[in-house]
Amino acid sequence: MVTGSQVGVGFIGCGAIGRDIARAIQAGSVPGAVVAALFDVDENQGRTLAAVLEGDIPFSTDIQEFLSADGLNLVVECASPVAVRAHAKDALLAKKDMIVMSTGALVDEELLAELSETAQAQGCRLMAPSGAIGGIDAIRAAEDGLDEVTLTTTKRPEGLRGSPGFRDWEDREITDPQVIYDGPAVDGIKLFPANVNVAATLSLAGLGPQKTKLKVVADPDAPGNVHQIEAKGDFGMMRFTFENRPHPDNPRTSYLAILSAIELLRQACGTGPRIGT
Ligand SMILES: NC(=O)c1ccc[n+]([C@@H]2O[C@H](COP(=O)([O-])OP(=O)(O)OC[C@H]3O[C@@H](n4cnc5c(N)ncnc54)[C@H](O)[C@@H]3O)[C@@H](O)[C@H]2O)c1
């Protein structure tokens with residue numbers, strides 16, 4: 001049950017991210033938050049998560065029923081870009097704050113504008129965590145004076161298999177690091193959909209998907225999914241490197257993305273001092 005001073009958090013998507021954030025809330029990692037409701041297209045996923053959570057958390061496959069759950073104030077989308085397109089506006093219209101994990105969906109300028117306008121009209125917040133990368137605060141702060149932002153993502157060849165951008169490399173043996181793509185993020189996002197969220201979040205924070213540059217490198221010795229960001233502008237130069245461990249239940253998701261979402265929730269639910277921009 002959600003009491004007056006608590007923030008009731010609901011999840012669109014009960015997979016690796018939804019499960020970990022919901023459990024973190026119940027373990028007390030997000031003071032002031034409680035798990036209020038679950039939604040998933042896959043009934044089995046939702047029922048499995050409800051069974052491991054404490055209390056009788058309502059699960060629904062009907063979005064309006066989910067959005068009308070008792071005490072629900074904030075919705076975390078951790079499902080898919082399709083779910084953002086299908087349900088984010090409904091959540092905002094129901095006056096719920098919204099955290100979007102599938103940030104690739106927000107590269108669609110029309111959708112982003114529609115959701116931003118709806119959030120503003122309803123007095124709600126539309127938020128996205130830094131996810132599997134960091135440095136987003138500095139990129140945003142420097143936004144007006146940014147000249148160049150480049151993301152270099154290095155993965156083992158098996159992590160790129162199946163992507164349309166890797167088609168010409170599928171049957172080739174890769175023994176040294178090879179640049180598979182070098183171009184604007186907007187095209188790279190389509191060619192490497194599994195890399196979409198990192199490139200999208202960085203683009204949205206800085207120069208946009210047309211001007212942000214993306215390099216995808218296949219390296220058989222890569223220590224995990226490595227994201228290097230280099231930004232230049234009036235402020236000087238910044239460079240960040242992230243060597244991410246995959247989530248044990250979903251190797252396509254970096255564990256850091258979950259920690260990042262939990263921290264964003266702490267900021268959204270908390271009243272304490274806020275450190276960092
Ligand atoms: N922002 C970031 O840096 C970042 C990092 C990792 C993952 N992600 C994104 O977060 C999302 C969730 O990741 P995950 O690892 O938890 O995935 P997952 O596959 O483990 O779980 C996704 C869950 O969402 C459900 N689902 C899928 N489409 C749905 C829809 N249209 N409506 C309702 N439920 C739906 C699935 O049944 C599943 O239970 C993905 O889109 C992923 O790309 C973002």
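These legends walk through five close-up views of a predicted model.

**View 1. Here is the six-stranded parallel sheet.** Reading across this open sheet, the strands come in the order S3-S2-S1-S4-S5-S6, and their pairing is parallel. Strand S3 (59–60) and strand S6 (126–127) are the edge strands, each pairing on one side only. Zoom in on strand S1 (residues 7–12) and strand S2 (residues 33–39): they run parallel and are joined by six bridges. One residue pair to pick out is glycine 10 with its bridge partner in S2, alanine 37.

**View 2. Two helices pack on that sheet.** Helix H4 (residues 81–93) touches S1, strand S4 (72–77), strand S5 (97–100) and S6, and its direction makes about 160° with that of S5. H11 also packs on the sheet, where it touches S1, S2, S4, S5 and S6. The direction of H11 makes about 165° with that of S5. Helix H11 covers residues 255–269, and its 15 residues reach 22 Å from the first C-alpha to the last, close to the 21 Å expected at 1.5 Å a residue. Look along H11 for its buried residues, which include Leu256, Ile258, Leu264, Leu265 and Cys269.

**View 3. Here H4 meets H5.** The axes of H4 and helix H5 (residues 109–122) come within 8 Å and cross at roughly 15°. Angles under 35 degrees count as roughly parallel, and H4 and H5 are therefore roughly parallel to each other. The crossing of H4 past H5 is left-handed. On the H4 side, the contact involves Arg85, Ala88, Lys89, Leu92 and Leu93. Their counterparts in H5 are Leu111, Glu114, Leu115, Thr118, Ala119 and Gln122.

**View 4. Here is the five-stranded mixed sheet.** This open sheet has the strand order S8-S9-S7-S10-S11, and its pairing is mixed. At the edges stand strand S8 (178–184) and strand S11 (236–244); each has a single partner strand, so one side of each is left without a neighbour in the sheet. On average, neighbouring strands here are turned by 10° against each other, direction ignored.

**View 5. Closer in, we see S8 beside S9, and a helix across the mixed sheet.** S8 and strand S9 (residues 213–218) run antiparallel, with six bridges joining them. To find your place, look for tyrosine 181, whose bridge partner in S9 is valine 216. Helix H9 (residues 196–205) lies across strand S7 (146–155), S9 and strand S10 (225–233). Relative to S7, H9 runs at about 170°.

Notes. Residues are numbered from 1 along each chain as its sequence is written. This is a predicted model: local features need pLDDT of at least 70, side-chain atom pairs count only at pLDDT 80 or more; totals for chains, interfaces and linings use all residues. Helices (H or I, at least four residues) and strands (E, at least two) are DSSP runs, numbered from the N terminus. The expected span of a helix is 1.5 Å times one less than its number of residues. A residue is buried if 20 or more other C-beta atoms lie within 10 Å of its own, exposed if 12 or fewer, and partly exposed in between; C-beta atoms are placed from the backbone. Two strands pair if DSSP finds at least two bridges between them. Two residues are in contact if their C-beta atoms, placed from the backbone, lie within 7 Å. Axes are lines fitted to C-alpha atoms, for helices over the stretch in contact, and angles run from 0 to 180 degrees between N-to-C directions. Angles under 35 degrees count as roughly parallel, over 145 as roughly antiparallel, 65 to 115 as roughly perpendicular and the rest as oblique. A crossing is left-handed if the near helix is turned anticlockwise from the far one by less than a right angle, and right-handed if clockwise.
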